[in-house]
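Here are my notes from going through this one, set down as numbered points. Have a look at the model first, then see whether you read it the way I do.

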Amino acid sequence: MARSLYKTRNMSKPSEPVTEPDYLKAYRIMLTSRIVEEKLANLYRAGMIKGGVFLGRGQEALSVSVGIHLHRGDIFAPLIRDQAGRLAFGDTVLDTLRTYLGSQLGSMRGRDGNIHRGRPREGYYAMISHLGAMIPAVAGGLLAKRLAGEQGFVGATCIGDGGTSTGAFHEGLNAAAVDGLPLVVVVANNQYAYSTPNSRQYACADLVDKAAGYGVAGHKADGTNLLDCLQTLRKAVSAARVGGGPQLVVANLLRLVGHGEHDDFSYLDKKLKQSPVGSDCLLLAEQHIIAQGWKNIGELAEWKRETEDEVNATADRVRREPTPDPEEDDWEALSRAEYREQHTAP
Amino acid sequence: MITYLEAIRLAQQKALATDPRVFLYGQDIGTFGGAFKATKNLSKEFPGRVIDAPISEDAIVGMAIGAAIEGARPIVEMQFADFSTCALNQIVNHAATLYYRTGVPCPIVVRLPSGGTSGGGPFHSQSMEAVYAHWPGLVVVTPATVEDAYSMLLEAVTIDDPVVFCEHKFLYYHLKADSLPETSLPIGKARIARQGRDATVVTHGAMLHESLAAARELAEDGFELEIVDLRSVKPLDTDTVLASVARTGRLLCVSEEWPWGGVTSEVIARVSSEGFGLLDVAPMRVNAKDTPVPYHPDLWSVHRPTASTIAAAARRLLQI
């Protein structure tokens, strides 16, 4: 029976080890993500952002490790704090800034903003705000690919500790498990859902324990450690890719900023911040690179300057771009003109 | 003779046979053939394309959305329209917003076995069309005949946008036709189901047949009702409604839904604002009573509009 095959097939084939170039590539994307987000925070404080700003500071190592292991033909549905994973999957600094600054030239054309962006035709799904909703959507995309006879593809989506409490998380992961779909669900356990601590979010000992309940493989990672994240995601993604069915990855880390830039983060438990889970994954990655002798401090500083220059130049460009014109929007929610309402009030 | 239910099964069979992108997903629809047998034998005829789902309405529609993004044409079955509330989030926040937000259409069909039957009770009887019509980004259809059940379902599969297909359970078994149509009115066009000079009745779904029965009753007294079958409630064919009211001067709207914010409210709002001068008297409407749908047949048969309550309303409208 196909179902039992997915659950019992031996997935012991070791994945390729993470090399120096892999690590450095991931680090540069993390760095870009951090610098873009710092720019977004500055622009927010300057009142130039349309709507809110939601940052992934502290979650870059986990997020980049998801996006970097996906290829063309795969599906990725990132969530709020996945700027690094988005860049790794092929999103750009340009489109990030366009969406936040409300440029008409952005992928969402001003119709949606900030983290609600994507290019679904390219396998890059645009999240809706309702947590858990992207899990069945990715599962369905994978089902369609299977029905169309495609092979070797995976889909991944990210969520937080809070999102694991939704019905959509349960329904989506269970349905994907029933069909043995190549889905990787990555949980960034960042200790808070907005202000709600884990003690008010779930009562199980560890979120990864949920994997057994769904009959899927579970993986744990140290979300502050880039090498561990890369190794864990490489293993999980390759297991899904070769027929191992859904994979649940849970990484512990701390969101190092408020829920959004409007949030003063006053609820942060200082002991958490001082504990290992409160470490900054980007700083730890820099220390690792220097300790390994792969780059020196000067070279890393040069990377940072280059990236800041690129981000600043891109932001200056985007600020001169046209904003959406209400006169130009067709104000139509259906693609097919013959099925649109003809008599709606103006 | 082909029943309304069989027409839905045959439309799905034809869609599967003619379009390799089509697949069916829903609870008990595989070997079992569905709670109402609307997919009977289809899993055998189309192996791997008629897929049983867990009891997860939200995930069922969510998966259909992802599949549609990847180029498939999923038809999903809610076992009863009432349970589609568990999928409301995916339908109205994901499927309905996808095209406007991303420019990528979402061609899914969500089948809703709708409306009341004797003994159905509060959770197996609801009419959800006005709920879904409220959100932009959805096409909402309500076939009232065997022919429309067949042709509108086939058309729905070709539409690049999400379609909520409200098929009426009361019509499943007793509504029959000799053959299936080769051509039909497109979705979005209403149909004059009966011509009449004295008043316009605008209705849809199972209430078409109650309204036609009411019209026969009034004809015995020498009054002729014109019956407009909306066919789709969104888009709503306001032109056909206004043209009929222009001929009769009187409007009665009939729907099995609850009254607040329903199809009758929308039709009356449109006629009043766009065709006020066409009306000789104030428009009227007949809806279900504003309570949950009762279980006992004696209560249920009074809860919903019937030929006799529609005829009584028409007499008041005609001041006879």
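**Notes on chain B**

1. Let me start at the end of a helix. α4(B) is followed by Gly103(B), whose phi is positive, near 80°. Keep in mind that this is a predicted model. α3(B) has a similar tail: Gly71(B) follows that helix, and its phi is also positive, near 105°.

2. On to α4(B) itself. With 15 residues at 1.5 Å a residue, α4(B) should span 21 Å, and its end C-alpha atoms sit 20 Å apart, so expectation and model agree. The helix is mostly covered, with 13 of its 15 residues buried.

3. Tyr100(B) is a handy residue to click on in helix α4 of chain B. Is Tyr100(B) buried or exposed? It counts as buried because 20 other C-beta atoms lie within 10 Å, and the cut-off for that class is 20 or more. Leaving aside residues up to four places away in sequence, Tyr100(B) touches Arg111(A), Ala333(A) and Gly137(B). For a sense of scale, Tyr100(B) and Ile320(B) are 220 residues apart in sequence and 50 Å apart in space, C-alpha to C-alpha.

4. Next, the contact between the chains. Chain B puts in 43 residues and chain A 38 residues. On the chain B side, α3, α4 (88-102) and α9 (263-274) each supply at least two residues. Which element gives the largest share of that side? That would be α4(B), with 10 residues. By class, the side of chain B that touches chain A has 21 nonpolar, 13 polar and 9 charged residues.

5. α3(B) deserves the same check on length. Helix α3 covers residues 57-69 of chain B, and its 13 residues at 1.5 Å each should span 18 Å; the end C-alpha atoms are 19 Å apart, which agrees. As for burial, 13 of the 13 residues of α3(B) are buried, so the helix is largely enclosed by the rest of the structure.

6. Now the sheet. In chain B, 7 strands make an open sheet with mixed pairing, in the order β3-β2-β4-β5-β7-β6-β12. Which strands stand at the edges? They are β3 (50-52) and β12 (232-234) of chain B, each with a single partner strand, so one side of each has no neighbour in the sheet. On average, neighbouring strands of this sheet are turned by 20° against each other, direction ignored.

7. A closer look at one edge: β6(B) and β12(B) pair in the antiparallel sense over 2 bridges. Val140(B) stands opposite Lys234(B), which is in β12(B).

8. There is also a helix across the sheet strands. α6 (residues 146-158) of chain B lies across β2 (22-26), β4 (73-77), β5 (109-114), β6 and β7 of chain B, and runs at about 165° to β7(B).

9. Last, the domains. The domain assignment splits chain B into domain 1 (2-177) and domain 2 (191-317), with 26 Å between their centres, taken over C-alpha atoms. Their contact takes 25 residues from domain 1 of chain B and 21 residues from domain 2 of chain B. On the domain 1 side, α5 (129-134), β6 (139-141) and β7 (163-168) of chain B each supply at least two residues. By class, that side has 12 nonpolar, 11 polar and 2 charged residues.

Definitions and conventions
Residues numbered from 1 in each chain as written. Chains lettered and ligands numbered in written order. Predicted model: local features only at pLDDT ≥ 70, side-chain atom pairs only at ≥ 80, totals over all residues. Domains from an automatic or database assignment. Contact = placed C-beta atoms within 7 Å. Helix = DSSP H or I, 4+ residues; strand = E, 2+ residues; numbered from the N terminus. Nonpolar A, V, L, I, M, F, W, Y, C, P; charged D, E, K, R; others polar. Expected span 1.5 Å × (residues − 1). Buried ≥ 20, exposed ≤ 12 C-beta atoms within 10 Å, placed from the backbone. Pairing = 2+ DSSP bridges. Axes fitted to C-alpha atoms, helices over the stretch in contact; angles between N-to-C directions.
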